[in-house]
Amino acid sequence: MEDMKDNLGRPVVAVTGIGVVTSLGVGKADNWAALTAGRSGIHPIRRFPIDHLATTIAGTVDFLPSSDQGSVELTYELAETAAREALAEAGYDNGHFAGPLFVASPPVEMDWRDRFAMGLSADGAEGALRLLKVARDLKDQRVFETTQFGTIADRLADRFGTQGLPITLSTA
Amino acid sequence: MSASDVVITGIGLVSALGVGAQAHWAVLSAPGVKPVVDSTRYAPYSVHPMPEIDWSAQIAKRGDQRQMENWQRLGTFAAGLALDDAGTKGDEALCSTMDMIVAAGGGERDEAVDQAILDAAASRNDRDVLLNEKLTTELRPTLFLAQLSNLLAGNISIVHKVTGSSRTFMGEEGAGIAAVETAAARIRAGQSTHALVGGAFQTEHSDMLLAYELGGYLHRGPFAPVWERQGMEGGGVVTGSGAAFLVLESRDHAARRGHGSYAALGPVASGRHDRSSAGLARSIGALIAATAVPAGPLMAISGASGAHQATAAEQAALAEAGELLPRGMSTLTGHLKEAQFPFAIALAALAIRNGAAYPPFASAAERPVDGRPQAALATAIGYHRFEGAALVTAA
């Protein structure tokens, strides 16, 4: 069993499942086909208007159900979609992975549509404090979760039955 | 005792109580400490504000100070304090091989730009276009950088030249728990010899309060100690500005460079209890048991936030776990979010090093602890999710 250790005596890590989503498509098959056909996923941005922006093209994923639901929802769906493929390939598709979860993700940010809805509501308070007053009565778990940096990993942990405290890495 | 035990050799603290580990010990070890609370600026909410800080003491260059806002300044400053305390500041050999794990949320948004966009949106329907218009012209690039989560670690590298491996973890209290747990595990496994770990939180910004209040978590009305907010108006959390950084080392590494330590970091336990289900107190009890708390009276530096459900569960768990004598640090510091767990560990280590437990933290619910503490528990039970506990012992 010497093959099971590397030259420093550490256990060799085997990759048993891979999942990908890019602007080229969902899954290894579509991505492989597109890449080997020389196709690029870079295209004009459609997820939001590009008026006034210097950049007008990007590898955006604009074909998922949450592509127009703000960055937190889309980040979750991207992660969920890729993880589902990886786990299925590795044979852990029963929702009880029972291993740790590490996820690299961008910071969360409340969507501007929610900020507009709260900031422009008819409530009386002034300026930034108005949002706080509206927030107090809003009781909208969805909006709250878009401000919590642990939310995406926590939802993934629920979805796939991972074990322990999930780690969200945001090192650039 | 083993060469790969984790010892705490440096502590950097900032809170409403003051600046530095020694200042915190001086304030907290004296009976009758009073919380520093500002109840007018964000009324009906209270906050524990930042103390007066001479940024230049740890961030020498004005240019570096200018390109940060207070969240990154707080973290960079406290990291500098910890490095100084550990005797590693400016030591190129030590800093260039030092690993770093920062627990980070986000930095301050530009409130004026946000408000300008909201004001303009009142009379416009093409709001997506309006956003592009305003964000491309009014958002100063430096302010955008101040918002980025991983630029706290970036600034620590730039200012203090800590340039070993660098990781930024996100996820409120859980980020601080995972940062400490991961750094300690790497040292115990021999993958790291010394690491800088910590986080900062700057609450004096409407958006930082908003992130709690969207979930109904903020306490309103008259200030009360963290254990005594059940049934009062609001959600029980009073936030604070501050930061906590620790220098963790293997016992062997600290001994070889001849540096003393505050305490040893024993088992670190973390968990993710499904908060929609019952049994949080039982899960916290299991975490405490996993830290191998010794028999007999033991001081517990609790990072309880005041959030009603989580705090009640933690109180129940502490009461059942043995002879634990809690000190609710948030009564005095406010909730420091990502910095909560490192801060609790720092206070535990300070008490062990100084050979005395803290008198009660301004709460009638806390009882005195006699004798020299040989160990202390530190907890951080997230206001909304994630839980952690660690045992800190005499080195």
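A residue is called buried here if 20 or more other C-beta atoms lie within 10 Å of its own C-beta atom. With that cut-off in hand, I turn to strand β7 of chain B, residues 194–201, in which 8 of the 8 residues are buried. I should say at once that this is a predicted model.

Let us stay with this strand. Both of its faces are covered. On one side, B:His194, B:Leu196, B:Gly198 and B:Ala200 are buried, and on the other side so are B:Ala195, B:Val197, B:Gly199 and B:Phe201. Which strands pair with β7(B)? Strand β5 of chain B, residues 99–103, pairs with β7(B) in the parallel sense, over 5 bridges. Within that pairing, B:Ala195 of β7(B) has B:Asp99 opposite. Strand β9 of chain B, residues 242–250, also pairs with β7(B), here in the antiparallel sense and over 8 bridges. In this second pairing, B:Gly199 has B:Ala244 of β9(B) as its bridge partner.

The same region leads us to the nonpolar core. The largest core contains 156 residues, and the members that touch the most others are B:Ala78, B:Ile345, B:Ala376 and B:Val392. Helix α15 of chain B, residues 340–354, supplies the largest share of this core, with 11 residues. As a general remark, nonpolar side chains tend to be buried together in soluble globular proteins. What does B:Ala78 contact beyond its neighbours within four places in sequence? The list includes B:Gly198 and B:Ala200, two residues that we have just met on one side of β7(B). It also includes B:Ala243, B:Ala244 and B:Phe245, together with B:Gly12, B:Leu13 and B:Val14.

Next, a second sheet in chain B. This is an open sheet of 3 strands, in the order β3-β4-β8, with mixed pairing. Strands β3 (38–42) and β8 (239–240) stand at the edges with a single partner strand each, so one side of each is left without a neighbour in the sheet. Strand β4, residues 45–48, runs parallel to β8(B) and is joined to it by 2 bridges. There, B:Val47 has B:Thr239 as its bridge partner.

Two helices of chain B deserve a comment on burial. How many residues of α10(B) are buried? The count is 8 of 8, so the helix is largely enclosed by the rest of the structure. The residues concerned are B:Ser206, B:Asp207, B:Met208, B:Leu209, B:Leu210, B:Ala211, B:Tyr212 and B:Glu213. They pack against β3, β4, α5 and β8 of chain B, and also against α4 (127–138) of chain A. Helix α8 of chain B, residues 151–160, is mostly covered, with 8 of its 10 residues buried. Among them are B:Leu151, B:Leu152, B:Ile156 and B:His160. After α8(B) comes B:Lys161, whose phi is positive, near 60°.

Since α10(B) packs against a helix of chain A, let us consider the interface. Here 42 residues of chain B are in contact with 37 residues of chain A. On the chain B side, α5 (111–121), α6 (127–137), β6 (166–170), α9 (172–188), α10 (206–213) and β10 (263–271) each supply at least two residues. The largest share, 7 residues, comes from α6(B). By class, this side of chain B comprises 16 nonpolar, 17 polar and 9 charged residues. Strands also pair across the two chains: β6 of chain A, residues 167–169, and β6(B) run antiparallel and are joined by 2 bridges. A:Leu169 has B:Phe169 as its bridge partner in β6(B).

Finally, two details within chain A. Helices α2 (residues 71–90) and α6 (residues 151–160) have axes that come within 10 Å and cross at roughly 35°. The crossing is right-handed. From α2(A), the contact involves A:Val72, A:Thr75, A:Tyr76, A:Ala79, A:Glu80, A:Ala83 and A:Leu87, and from α6(A) it involves A:Ile152, A:Arg155, A:Leu156, A:Arg159 and A:Phe160. By class, these are 8 nonpolar, 1 polar and 3 charged residues.

The other detail is A:Asp114, which lies in helix α3 of chain A, residues 112–119. Is A:Asp114 buried or partly exposed? It has 18 other C-beta atoms within 10 Å, whereas burial requires 20 or more, and A:Asp114 is therefore partly exposed. Leaving aside neighbours within four places in sequence, A:Asp114 is in contact with A:Val143 and A:Thr146. A:Thr146 is 32 residues from A:Asp114 in sequence, and their C-alpha atoms are 9.8 Å apart in space.

Definitions and conventions: Residues are numbered from 1 along each chain as its sequence is written. Chains are lettered from A and ligands numbered from 1 in the order in which they are written. This is a predicted model: local features need pLDDT of at least 70, side-chain atom pairs count only at pLDDT 80 or more; totals for chains, interfaces and linings use all residues. Two residues are in contact if their C-beta atoms, placed from the backbone, lie within 7 Å. Helices (H or I, at least four residues) and strands (E, at least two) are DSSP runs, numbered from the N terminus. Ala, Val, Leu, Ile, Met, Phe, Trp, Tyr, Cys and Pro count as nonpolar, Asp, Glu, Lys and Arg as charged, and the others, Gly among them, as polar. Two strands pair if DSSP finds at least two bridges between them. A nonpolar core is a set of buried Ala, Val, Leu, Ile, Met, Phe, Trp, Tyr and Cys residues joined through C-beta atoms within 7 Å. A residue is buried if 20 or more other C-beta atoms lie within 10 Å of its own, exposed if 12 or fewer, and partly exposed in between; C-beta atoms are placed from the backbone. Axes are lines fitted to C-alpha atoms, for helices over the stretch in contact, and angles run from 0 to 180 degrees between N-to-C directions. A crossing is left-handed if the near helix is turned anticlockwise from the far one by less than a right angle, and right-handed if clockwise.
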